[in-house]
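This report follows the strand pairing of one protein chain. Please keep the sequence and the structure in view while reading.

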Amino acid sequence: MLKRKLITLLLAVALISPAFGQSLIVEAYDSVVVGDATTANDIYGYSTVKNVSSDSVLVRFKRIDGNYNLLTDNNAICWGICFVESISVSPPSFSVWLQPGDTASASTHVYPDQDGVARTGNITYVFFDSNDETDTVSYQVRYETRTDLSIASI
């Protein structure tokens with residue numbers, strides 16, 4: 001009886017695990033990026049996604065829109081190419097196949113007003129499996145413009 005329960009439990013775990021398993025991790029990313037409030041025209045960060053599953057994954061990239069402020073209202077994502085600001089999700093034609101263990105990089109950009117005003121703002125980004133949009137991993141970047149930056153600190 002105990003053996004049958006154990007086998008049933010193992011089969012249930014084997015069937016449920018793939019549904020809850022995530023294929024992607026953010027291996028590295030810039031959590032804070034800084035630029036001069038007067039001279040910076042592009043503050044950008046980089047991130048790397050990794051396929052940690054044993055299957056190939058077709059990956060896309062997006063930003064979560066909304067909650068923008070005077071610093072983050074002009075921004076763009078780059079995944080293969082840099083998209084115009086109005087595109088928040090990489091199109092299916094710009095999906096990237098990641099084999100098990102492979103990585104790919106993206107960049108994110110904010111275009112400050114260069115008005116000399118120090119500001120901060122956050123944007124959340126998401127890598128996701130194009131064939132299973134519940135298989136996602138996200139991260140957040142804090143963008144800052146400062147008035148106290150010297151060439152040495154940059």
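Ala-76 stands opposite His-109, a residue of strand 8. The model in which this pair appears is predicted. The pair can be placed within a wider contact: strand 5, residues 75-79, and strand 8 are joined by four bridges in the antiparallel sense.

Strand 8 also pairs with strand 3, which covers residues 43-51; these two strands are antiparallel and share eight bridges. Within strand 8, Ala-106 is the bridge partner of Ser-47. Is strand 8 mostly covered or mostly uncovered? Strand 8, residues 103-110, is mostly covered, since six of its eight residues are buried.

A further group of pairings involves strand 9, which spans residues 119-129 and pairs with strand 4, residues 57-63, in the antiparallel sense. Five bridges link strand 4 and strand 9. Here Arg-63 stands opposite Tyr-125 of strand 9.

Strand 9 is also joined to strand 10, residues 132-146, and these two strands run antiparallel. How many residues does the hairpin between strand 9 and strand 10 pass through? The hairpin joins the two strands through two residues. In this pairing, Phe-127 stands opposite Val-137, which belongs to strand 10.

The table below collects the strand pairings.

| Strand pair | Sense | Bridges |
|---|---|---|
| Strand 3 and strand 8 | antiparallel | eight bridges |
| Strand 5 and strand 8 | antiparallel | four bridges |
| Strand 4 and strand 9 | antiparallel | five bridges |
| Strand 9 and strand 10 | antiparallel | eleven bridges |

Methods
Residues numbered from 1 in each chain as written. Predicted model: local features only at pLDDT ≥ 70, side-chain atom pairs only at ≥ 80, totals over all residues. Heavy atoms only, no water. Buried < 20%, exposed > 50% of the residue type's maximum accessible area, 1.4 Å probe, protein only. Pairing = 2+ DSSP bridges.
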